[in-house]
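Subject: Structure for your files

Hello,

Here is the structure you were waiting for, with notes on its sheets and helices below.

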Amino acid sequence: MKILATDLDRTLLPNGSWTPDPEAIDLFNELTEKNDVLIVYVTGRNLALTENAIKEFGVRYPNILCGDVGTSIRKYENGEWKFDEGWIEQVRKESPGWDAMAIRHAVAGIDAMQEQESEHQNQFKQSYYVEHEKKDQVLKKVDELVKGKFDEVIIYSFDSQDGKGLLDFLPASATKQTALEYVAEEHGVTKEDVVFCGDSGNDIFPLTAGFRGVLVKNADEQLVENVKKAMNQNPKLKVYFAKGDFRGLQGYYTSGVIEGAYHYGVFDCNK
Ligand SMILES: [Mg+2]
């Protein structure tokens with residue numbers, strides 16, 4: 001069995017400024033049913049926002065949801081979500097210095113950043129909005145006060161949709177990358193049989209972690225650049241850049257995911 005893992009916003013979901021192929025989502029749903037593949041959504045969205053996306057865009061339910069940027073994992077079985085407690089235990093064990101409240105106190109006085117709403121926080125996720133024009137000074141201050149003190153990773157991404165800078169503090173052991181590694185291991189699937197599709201900022205980790213990577217055609221320039229840099233440093237990395245002009249699809253969003261899945265043989269060309 002193979003795993004097809006994908007980011008949601010502007011990767012599987014056509015919620016950016018490019019024109020999507022109208023038939024792409026139905027085709028994705030159909031192809032993932034026909035082929036023996038485990039579908040994993042790896043997203044910054046929490047459970048409620050993921051369900052909103054499924055309803056709004058008509059994408060199928062995943063088999064597994066790595067939500068909240070990888071800090072929560074849920075299985076979807078028989079119409080119900082099951083929270084993975086084993087993941088919580090593993091993160092606690094591997095990042096013993098993690099302390100969300102201590103990080104909250106440490107950054108409380110920094111200018112141009114604002115704590116996100118409570119639904120975007122959890123025990124392993126402390127998140128902020130940042131004024132994007134001031135990101136360099138904010139990130140410098142954040143590094144001084146937090147970096148290396150709490151077994152954390154500091155991830156900045158830019159939401160091109162509404163012009164907001166997003167800053168996440170996560171335990172180093174609970175990211176999109178490590179959550180997907182955990183899911184693969186649980187299912188006995190090697191990294192070569194895991195395809196991950198992304199478009200921006202925090203997708204860099206799973207794209208350069210030894211999975212088979214896919215960048216949709218609308219991927220951020222900065223991500224494209226960073227992935228190419230990583231590929232130069234590590235020639236073994238495999239990342240496919242969706243080009244479009246493929247089976248009548250243009251390569252943006254869902255279409256790029258489909259193109260990448262065919263490229264790595266996740267979808268059988270004869271089906
Ligand atoms: Mg995205």
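Two strands count as paired here if DSSP finds at least two bridges between them. The model is a predicted one, and the notes start with its eight-stranded sheet.

**Eight-stranded sheet**

On that criterion, eight strands form an open sheet, in the order β5-β4-β3-β2-β1-β10-β11-β12, and the pairing is mixed. The edges are taken by β5 (80–83) and β12 (238–241); each has a single partner strand, so one side of each is left without a neighbour in the sheet. From one strand to the next, the twist averages 25 degrees.

One pairing in detail: strand β3 (residues 64–67) and strand β4 (residues 72–77) run antiparallel and are joined over four bridges. Gly67 has Ser72 of β4 as its bridge partner.

Helix α9 lies across β1 (2–6), β10 (194–198), β11 (212–215) and β12. Its direction is at about 155 degrees to β10.

**Helices α1 and α9**

Two packed helices are described by the angle between their axes and the distance between the axes. For helix α1 (residues 24–34) and helix α9 (residues 254–263), the axes come within 9 Å and cross at roughly 35 degrees. The crossing of α1 with α9 is left-handed.

Which residues of α1 and α9 meet? From α1 they are Ala24, Ile25, Leu27, Phe28 and Leu31, and from α9 they are Thr254, Ser255, Val257 and Ile258. The residues of this contact comprise seven nonpolar and two polar, with no charged.

**Four-stranded sheet**

There is also an open sheet of four strands, ordered β6-β7-β9-β8, with antiparallel pairing. Its edge strands are β6 (113–115) and β8 (152–159), each of which pairs on one side only. The twist in this sheet averages 25 degrees from one strand to the next.

Strand β7 (residues 126–130) pairs with β6 in the antiparallel sense, over three bridges. In that pairing, Gln114 has Tyr129 in β7 as its bridge partner.

Helix α4 lies across β6, β7, β8 and β9 (164–171), and runs at about 25 degrees to β7.

**Helices α4 and α5**

How do the axes of α4 and α5 cross, and at what angle? The axes of helix α4 (residues 100–107) and helix α5 (residues 135–146) come within 10 Å and cross at roughly 130 degrees. That angle makes α4 oblique to α5. The α4 and α5 crossing is right-handed.

In this contact, Ile103, Ala106 and Val107 of α4 meet Val142, Leu145 and Val146 of α5. Sorted by type, the residues of the contact are six nonpolar, no polar and no charged.

As for α5 itself, this helix has twelve residues and reaches 16 Å from its first C-alpha to its last, close to the 16 Å expected at 1.5 Å a residue. Just after α5, Gly148 adopts a positive phi of about 80 degrees.

**To look at on screen**

Two places to start are the α4 and α5 contact, where Ile103 is one of the α4 residues involved, and the α1 and α9 contact, where Phe28 is one of the α1 residues involved. For the sheets, the edge strands β5 and β12 and the edge strands β6 and β8 serve as landmarks.

Regards

Technical notes
Residues numbered from 1 in each chain as written. Predicted model: local features only at pLDDT ≥ 70, side-chain atom pairs only at ≥ 80, totals over all residues. Axes fitted to C-alpha atoms, helices over the stretch in contact; angles between N-to-C directions. Parallel < 35°, antiparallel > 145°, perpendicular 65-115°, else oblique. Left-handed = near helix turned anticlockwise from the far one by under 90°. Contact = placed C-beta atoms within 7 Å. Nonpolar A, V, L, I, M, F, W, Y, C, P; charged D, E, K, R; others polar. Expected span 1.5 Å × (residues − 1).
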